[in-house]
Amino acid sequence: MLVEFTKVYPVFSWSWDIPGDDNTEKEMGDEDLCGICRVNYNGTCPSCKFPGDDCPLVMGECNHNFHVHCIQQWLDTSTAKGLCPMCRQPFSLKRGVAINESQIDKLANLLIQSQPAVLNDDQDMMMEQEFVVR
Amino acid sequence: MSKIPRSFRLLEELEKGEKGMGPESCSYGLAHSDDITMTYWNGTILGPPHSNHENRIYSVALECGEEYPDKPPKIKFISKINLPCVNQTTGKVEEDRFETVRSWKRSYTMETLLLDLRKEMALPANKKLPQPTEGTNF
Amino acid sequence: MASLPKRIIKETERLVLDPVPGINAVPHEDNLRYFQVTIEGPQQSPYEDGVFELELFLPDDYPMEAPKVRFLTKIYHPNIDRLGRICLDVLKANWSPALQIRTVLLSVQALLASPNPNDPLANDVAEDWLKHEDEAIAKAREWTKQYASRK
């Protein structure tokens, strides 16, 4: 039999390359959702129309993932105090993760601004403790 | 912008009034501190300088109804004052003679009203109007 | 009005389909960010026989900013003032966008079970609570009977 292709429609699918995705603990029903906007990782944050490069995903040192726009907006608030919304550890981007590479420069500014405040708090606490000891 | 409900809007105004974050020329607070409906309020207006109101402090009563801030509060002067927009028998601010109430917008607050009443007092046509004895009430 | 963020729609759906026992939250038809809330007083607390009415509003910046919550029912509690304002860390400095309407309301319910007179909002109530705890608890029961609706 002779088959002749007249037209070809290629279909592609994609998803973010999240390291360790299979082993990380997942809360029931919260799989693959951005902890801030609760939209799927492969979807967009509330301000974007197109998923993918327009609305990238980032991974924290603490293994919590967010749309970069979501986490950036959170870290910009004074309530955030530079902490991850999920575990309240100081938020920083995980090194050596492919999806983070394009974002490290952009988010670094935010992290430098927000982290000294956290350090100062610790220093104050240490000074208070010293005072008590004396 | 979403519409902030009446009570949370009034709580914002209360906090601003309590912390004294507003201008010095007016003040406002709840008439009864346990009024969970936050309907009745007291306000004061400091008379504007270079007018017959200079150094006088005027007390007003405000009533924020169920439809506030979609509808303006009712305002009534407690202290006697001679102003065209104030009813000379009751002290009530007459809606059709006070532009801020007539063209009320949701974004206006009690502070807007108090400051605009102060502007009325300072208008060239109003600032030299003869005023009742200081300290008398309607 | 701007369209409602997906997150708020999802939260609302879940509140209706899978409600938290003892907590009910329904959005107003004309303002989907404004919820009418009821919370049942927790067992073994002075509030146990009452159902309390509250209101909750999701500001424009939600979830970057905490929901605003207030009691509409009069309640005798050291962390709730005469206007129904609530002193609760997760509603202010300890807010996180990982929290939701349901977790916030659960925290409010937990606050009823364990009043904290050392971090008061209603100073006179807290003073009573620290000085004469039995009398304060009796008064809280009395107010529950008088102002809250029955379970």
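How many of the 151 residues of chain C, in percent, count as buried? In this predicted model, the figure is 40%. The legends below start with chain C and then move on to its partners.

**View 1. Chain C from end to end.**
Here's the whole of chain C, built from 4 helices and 5 strands. Follow the sequence and you'll meet them in the pattern α-β-β-β-β-α-α-α-β. The radius of gyration comes out at 16 Å, close to the 15 Å that the globule rule gives for 151 residues, so chain C is as compact as a globular protein of that length. Laid along its principal axes, the C-alpha trace spans about 50 × 30 × 20 Å. If you take the contacts in chain C between residues at least 6 apart in sequence, 53% of them join residues at least 24 apart.

**View 2. The UniProt domain on chain C.**
According to UniProt, residues 3-149 of chain C carry the feature "domain: UBC core", from an unreviewed entry. Across that stretch the chain is 33% helix and 20% strand. Its end C-alpha atoms sit 35 Å apart.

**View 3. Helix 2 of chain C and what it packs against.**
This one zooms in on helix 2, residues 101-113 of chain C. At 1.5 Å a residue, its 13 residues should span 18 Å, and the end C-alpha atoms are 19 Å apart, which agrees. Look for the buried residues: Ile101(C), Val104(C), Leu105(C), Val108(C), Gln109(C), Leu111(C) and Leu112(C). Viewed down the axis of helix 2, they fall within an arc of 155 degrees, so they line one face of the helix. What do those buried residues of helix 2 of chain C pack against? Their partners in chain C are helix 1 (6-17), strand 1 (23-28), strand 2 (31-40), strand 3 (50-57) and strand 4 (68-71).

**View 4. Two cis peptide bonds, one in chain B and one in chain C.**
Most residues other than glycine have a negative phi, and most peptide bonds are trans. Now for a pair of cis bonds. In chain B, the bond from Tyr68(B) to Pro69(B) is cis, with omega near -5 degrees. You'll find Pro69(B) in the loop between strand 3 (57-63) and strand 4 (74-77) of chain B. Over in chain C, the bond from Tyr62(C) to Pro63(C) is cis too, with omega near 5 degrees. Pro63(C) belongs to the loop between strand 3 and strand 4 of chain C.

**View 5. Two positive phi angles outside glycine.**
Met38(B) isn't a glycine, yet its phi is positive, at about 50 degrees. Its home is the loop between strand 1 (26-30) and strand 2 (40-46) of chain B. Is Met38(B) buried or exposed? Met38(B) counts as buried, because it has 20 C-beta neighbours inside 10 Å and the cut-off for buried is 20 or more. Gln44(C) isn't a glycine either, and has a positive phi of about 60 degrees. Gln44(C) sits in the loop between strand 2 and strand 3 of chain C. With 8 other C-beta atoms within 10 Å, Gln44(C) is exposed.

**View 6. Where chain B meets chain C.**
Chain B puts 12 residues into this contact and chain C puts in 14 residues. Sort the chain B side by class and you get 7 nonpolar, 3 polar and 2 charged residues. As for chain B itself, UniProt's "domain: UBC core" (unreviewed entry) covers residues 5-138. Over those residues chain B is 22% helix and 17% strand, with end C-alpha atoms 33 Å apart.

**View 7. Where chain C meets chain A.**
In this close-up, 11 residues of chain C are in contact with 13 residues of chain A. On the chain C side, that's 7 nonpolar, 1 polar and 3 charged residues.

**View 8. Chain A and its annotated domain.**
Chain A has 2 helices and 2 strands, in the order β-β-α-α along the sequence. Buried residues make up 25% of its 134 residues. Among contacts in chain A with a separation of 6 or more, 56% come from residues 24 or more positions apart. UniProt lists "domain: RING-type" (unreviewed entry) at residues 45-88 of chain A. That part of chain A is 18% helix and 14% strand, and its end C-alpha atoms are 21 Å apart.

Conventions. Residues numbered from 1 in each chain as written. Chains lettered and ligands numbered in written order. Predicted model: local features only at pLDDT ≥ 70, side-chain atom pairs only at ≥ 80, totals over all residues. Expected span 1.5 Å × (residues − 1). Buried ≥ 20, exposed ≤ 12 C-beta atoms within 10 Å, placed from the backbone. Arc of directions from axis to C-beta. Contact = placed C-beta atoms within 7 Å. UniProt positions renumbered as here; feature names shortened; annotations may be inferred. Nonpolar A, V, L, I, M, F, W, Y, C, P; charged D, E, K, R; others polar. Rg over C-alpha atoms; globule rule 2.2 N^0.38 Å.
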